[in-house]
Every structure is written in structure tokens, then in C-alpha cells.
Protein chains: 2
Amino acid sequence: MKVGVIGAGQLGQMLALAGHPLALEFLFLDSSPDSPGARVGPIITGKFDDPASLSKLAADTELVTYEFENVPVSALEKVSRTRTCLPPIEALRVSQDRMLEKELFQRLGIPTPPFRSVDSLDELHAAVAAVGLPCVLKTRRLGYDGRGQQYLRRRADIDTAWAALGGAPLILEGFVKFDREVSIIGARSTRGETRCYPLAENQHRDGILRVTRAPHRNARLQRAAERHLRRLLDHFGYAGVLTIEFFVQRGKLIANEVAPRVHNSGHWTIEGAVTSQFENHLRAILGLPLGDTSAIGHAAMVNYIGTMPDRERVLAIPGAHHHDYGKSPRAGRKLGHGTVVSTTAAGRDRLLRRLLRHVPR
Amino acid sequence: MKVGVIGAGQLGQMLALAGHPLALEFLFLDSSPDSPGARVGPIITGKFDDPASLSKLAADTELVTYEFENVPVSALEKVSRTRTCLPPIEALRVSQDRMLEKELFQRLGIPTPPFRSVDSLDELHAAVAAVGLPCVLKTRRLGYDGRGQQYLRRRADIDTAWAALGGAPLILEGFVKFDREVSIIGARSTRGETRCYPLAENQHRDGILRVTRAPHRNARLQRAAERHLRRLLDHFGYAGVLTIEFFVQRGKLIANEVAPRVHNSGHWTIEGAVTSQFENHLRAILGLPLGDTSAIGHAAMVNYIGTMPDRERVLAIPGAHHHDYGKSPRAGRKLGHGTVVSTTAAGRDRLLRRLLRHVPR
């Protein structure tokens, strides 16, 4: 069976690496012919919304999925007329718009920060009054890794924020002084079977994920996160892997965003869980039984941003795994990641400190 | 870095799957263009001893390895004039000839069954008298998975055995009434670092490996096997993964054969060890630090011979992993394997029994 993947970045590559043992074949669509996926499957070089490329992808595969959430919904709708596209397009549509996302969270009883839609400077003033300070002004669409965001500490920041982002559809969200950030990843298959991974704790810098540690053991938070995740999965009649990122504030989860795909905060599952998020995404969209999502010991994942660490030093760390996406270095670019796994949380933290010493900051 | 691999069977495919995260690229040489490796790297279609194909492989890669031990030594010698070939050719040469192999075992103090070289019917009679009955007559070269062997129970079997195999260079070996079969896999890097995996217990049928269970916990046997393995590794100035298969008779190891490559009895290491044999083979030939060879829990691997089991039933087993090499079915052909891992040996054995129920015999 041949699976079409829109996007041939590292997520696409890791999907293919997980799928080859299941005798799946892959065909990628990406604008760059030397994307990481190109080394593990053929690639159609074209834009994500190019009708000819999308038609070719649909014609040459039996099922289409995506690894990149900024695929235009209209493009995917076109593909879906001739080929099954999973996860469902509606999940993609909601995740592409922070306002739709927050409204859905609210409708499903998933706690969110206070938020208001903002389309004018007047609306921004009113929204700041309603939401309170500090708060964050964000573009509703096409924001990722911290781009398209303005932090407002005082009313005087309103004009600066508006100058930076005004014109695009915006959302103002209350700033959450969180104690930590966590994410939950779950899979739902086309048959409705659902499995959740243990919570992972994430550390961001400049809006980009730096470190994930998992499992984040907190039975109460785990239950709450799974409840929220299952509501979303069932709401969408979802198939595939879905991720929710939460803030934890005074012991409570506040949903930040949803990603209808395999997620950077789940890379630890390759070596740190019985079944990886990548394999479970494929099992889910193919309607196969889902794999065990239990953690094997305690894992930490470090993103390599802009510069790769010395491979030899990383591999010299006991139990360390090195993932080099083969991309050319560029500031702020995710070039690879490293994972360490230990039988204890303290052992994991020791290995993590050792790994971090080799990672350029 | 691009690694050339002679042979694009499942071992080559699994090498590439382990190497892609290290940003390695692969180029295969195989006589069949639709071999399993072809889905994870480009393939030069040609015979293993075709000078033009070998030259192309050497020219287009930075390091050459092999996944198939019947590569002609002369072909590899030609490649090695322009490109580093690892594991060392001498290890390949010895492993291709059961007589050289047994003589080396003997020289290094590694116990073997009694054996004699046989090149004529007269020599066979003399060898049977020296070695004793029962015994096994084998071709010295090109035997694998039980092919090219004749079992001799009585002196009357001598003529039948000679009729079947006579003409080729032969070896007569004493038949070992073993209690079990085990194998040890180890890696030695170009820098001389050495690591051994835990012993695995193997069950063969019709000369083909059916089931491996690991780790086979026996501290005394483990120490002895590691001692034997390290002697071989050091003797060859080895780089890469090497496997020794042993019989266990009355608590003692008797070496059966050596394979200078990743090995079927090490497939469990993909999910059942911290670092897989495939990744460690690559680390070893690249001179990188070797990965932790410890077992993660208790694993069992079942080969799928001739017929694949139902994928859904296998994947429904908790913690089961399915490996389909994508080959067309044929009697006696290795088409795939399944692995189960549990935290206890008893749990592993329960999962193994469940898996075996779905595997056509």
C-alpha cells in the first residue's frame, strides 16, 4: 500500500521510517526536492496547493495524510474528492485558526485562557479591557514556533502590537503565568479505537520547543488531559495522531493549542514508548489495531536548533540516540534531535544534563 | 555520508532504517531491483561479482559493507582497492568456508564439535571413523539455512550422503545432541571499542531460524560466549557486527558457525535492546561510539517463513511489532518477522504463544 504524505520534512521522514517495516510505501509532496523525506521515499516537487501536484499525489497513492498543518484546506478538499485524506480536514481547518480552535475548546468544556477576536484597533482596546493584562496578541492563522505574536504588558503596548500585526485577523489571549507546559498525544483509528500517551513536559525558548521530558507522572492531570483529548478526537470523528499543548497553572490544565498530526513533543516515543507516535499515526489511518502507548522508562528529547551538536559526543552518552534530519543549518531551524532514556527519572535527568552540555544554545 | 551495501535484502533494509536518523545515505547493490532495500535507498542492479556494478558502488559511496555473506571474496578485494570495506574481508573469507571457520575456532580455543575435511569417499569413511556417529556431512562453502547438509546416523548412510554432496569440498562434523542453541552478537568499532549483546536462545526447524528469545540469562554462558566473541573480533581486527551461533550441551558452549554481519537472531534488538544491532553495525564501521547493548525487558522474535500471518491479528497483540519485508511469498523464504517485548520472561512467553497461534507453520 502506498501512502501519500503532504510535506516531506522530518515528520514525514519519521513517518516513513516507522511505516517501512509494515511494508508501506510512501510518496511525498514538498516544495523542496532535498527535504528529509526524500531519502526514504520518492518526492513530488511542488507547492502544497499546486493542483497538478496534488492530483498526482492522489492518483499515485491509496491514502493521503499530512505532516504539516499549514496545508491549505481547499487543496486538501480537492484531494479528498478522489482519495481518502486523514486526519479529517475539519481538524486541520480548526487547528489553522486560533479563534476556531479556542471556540471549539470552549464548546467541548476544555479550559482555555480568556480570548477575544480582534479585527480592528477599537476591538483590540475592547479586548484588552475584557481579557485583562498581561495578554498576547496573535495572528489567527499561520503562526507557529512563536511567530506572529506580540506580548502586551501595559495598555501602552497596544499601539506597538497593532502596528506589528494589525491587518490580519487576530486573537487576543490572556497571558497564562504557567508553572509548566505539558502536551498529550493520542491516536484514534478509523474504527474508533483510542489510545493516549503519557503526558510530556515541554520547555520552549523563543517560542520553539527545546526540551521534552516524559512521562510527566501526574495521575490527575493525565486523566484530565485524556478526557479533553478524547472529546476532541470524538468530536472530529478523528483518525490519526492528535496533540494538545497545555499550560499547567496552579495544578490545572489550560489548553493552548491543538495539532492534528504527529508532534515534536512526541519524538521521545521513538525510543521511549512501546509504539512510536509515527507508527500509531499510520496504524490509526489504516484502521489497524493501535499499538501500546506505554513509556519504556523515562525519556528526554532535546531539539537541535540552528546548529547540530557533535555527533560523537552525543553518541558517547549511554543510551543516547541521535537524529540528524540532514538539513542545512540556519538560525532557528530544527535540524535534528537527541533522545536519552533511563530506567529512572533521576537517571534520565542526569543524561539530559550531559546531553545539553553538547547542544549549542 | 553515503554507505554502499552489497545485498539489498531485509538486512540491508533494516540497516538503512537504522542509519537514516544518523543522516546516512545508502546505495545498494543487488541482482533484484525490487529487493526490500530498494524502498529505502537507490539500488544498483547487478550481480555481486559484476566488476562494473562493484566499481560503481565503490565510486559512488564513501564506505562499503555487506549484508550477505556469500559475496565473492575476490569481488570485495577489488572494491577494497579503492574503498574501505568493512567488516574485514578476512572474516568473510573464513565464514564462507566451514573448514577454515572450525580451524580458526580451534586455534583461538573456542570449542567446536569434532570435524574432518572430506574430499573423497575414502576420506569420508576415515572421517566417520574419526569423528564418530551420528555426524553431519556439509559442503564447506555456500551452505546456509540448512542447505547442503546430510545427516549420517549409521555407516550405511555414508554412500547416500556422498551421492548427495560428493564432488564439492566437504566437512564432516560430529553431531551435537544439544540441549539448546544460542547465539551471541557483538560489535567492534574501527577504534577497537567492543560491546556484546545478551545471549539469545534460538529454535530452528528444517535448518531455518524460527524463534529467538532474548535475553537468555545465564551469567556463566554469557561470560564464556563474550570471551569467545572478543577473541574472534580481536583476531580479525574486526569492525562491524559479528555473530557466533553455539550449541549448548551439558552446560557448555560448542561453536557452530560465525556470521560476519548483522544476524537474524538479533532482530529482537530493534525493539528489545537500547541500541539495535543495525545501528551498532553502522556506528562500528563509521568509528562512532557504540550504543548500549542492554536488553529492554524480555523479547521474542518469530520468523515468518513462506507465508505472512494476518497483520491485524499480530498488531492486536499488546506490544507486538510487525516487520513485513514486502517480498513475494515462496516456500522456505523469510518474508518478515514479528517481535514481542514484555517486562518479564513469563509475560514474554505468553505473548510469544499468542503470536505463534497466528503464524502459519
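## Strand β1 and its neighbours

In this predicted model, Val3(A) has Phe26(A) as its bridge partner in β2(A), and on the β4(A) side the bridge partner of Val3(A) is Leu63(A). The pairing with β2(A), a strand that spans residues 25-30 of chain A, is parallel and consists of five bridges to β1(A). Between the two strands the chain passes through helix α1, residues 10-19 of chain A, and the resulting β-α-β crossover from β1(A) to β2(A) is right-handed.

Strand β4 of chain A, residues 63-66, is likewise parallel to β1(A), with four bridges between them, and one of the partnerships in β4(A) is that of Ile6(A) with Tyr66(A). Strand β1 itself, residues 2-6 of chain A, is mostly covered, since four of its five residues are buried.

## The four-stranded sheet

These strands belong to an open sheet of four strands in chain A, which has the order β3-β2-β1-β4 and parallel pairing. Its edges are formed by β3 (43-45) and β4 of chain A, each of which pairs on one side only. On average, and with direction ignored, neighbouring strands of the sheet are turned by 25° against each other.

Helix α2 of chain A, residues 51-60, packs on this sheet and touches β1, β2, β3 and β4 of chain A, while the direction of the helix makes about 175° with that of β2(A).

## The contact between the chains

Where chains A and B meet, 25 residues of chain A are in contact with 25 residues of chain B. On the chain A side, α11 (311-315) and β16 (320-324) each supply at least two of the residues that touch chain B. By character, the residues of the side of chain A that touches chain B comprise twelve nonpolar, six polar and seven charged ones.

## Symmetry of the two copies

Chain A is superposed on chain B by a rotation of 180° with 0.0 Å of shift along its axis, at an RMSD of 0.0 Å. The two copies are therefore related as by a two-fold rotation axis. Among the residues of chain A, Val40(A) comes closest to the rotation axis, with its C-alpha at 2.4 Å.

Which surface does each copy use to meet the other? Of the interface residues of chain A, 100% are also interface residues in chain B, so the copies meet through the same surface.

Note on methods
Residues numbered from 1 in each chain as written. Chains lettered and ligands numbered in written order. Predicted model: local features only at pLDDT ≥ 70, side-chain atom pairs only at ≥ 80, totals over all residues. Contact = placed C-beta atoms within 7 Å. Nonpolar A, V, L, I, M, F, W, Y, C, P; charged D, E, K, R; others polar. Buried ≥ 20, exposed ≤ 12 C-beta atoms within 10 Å, placed from the backbone. Pairing = 2+ DSSP bridges. Right-handed = clockwise from strand over helix to strand, strands pointing away. Least-squares fit on C-alpha atoms with pLDDT ≥ 70 in both. Axes fitted to C-alpha atoms, helices over the stretch in contact; angles between N-to-C directions.
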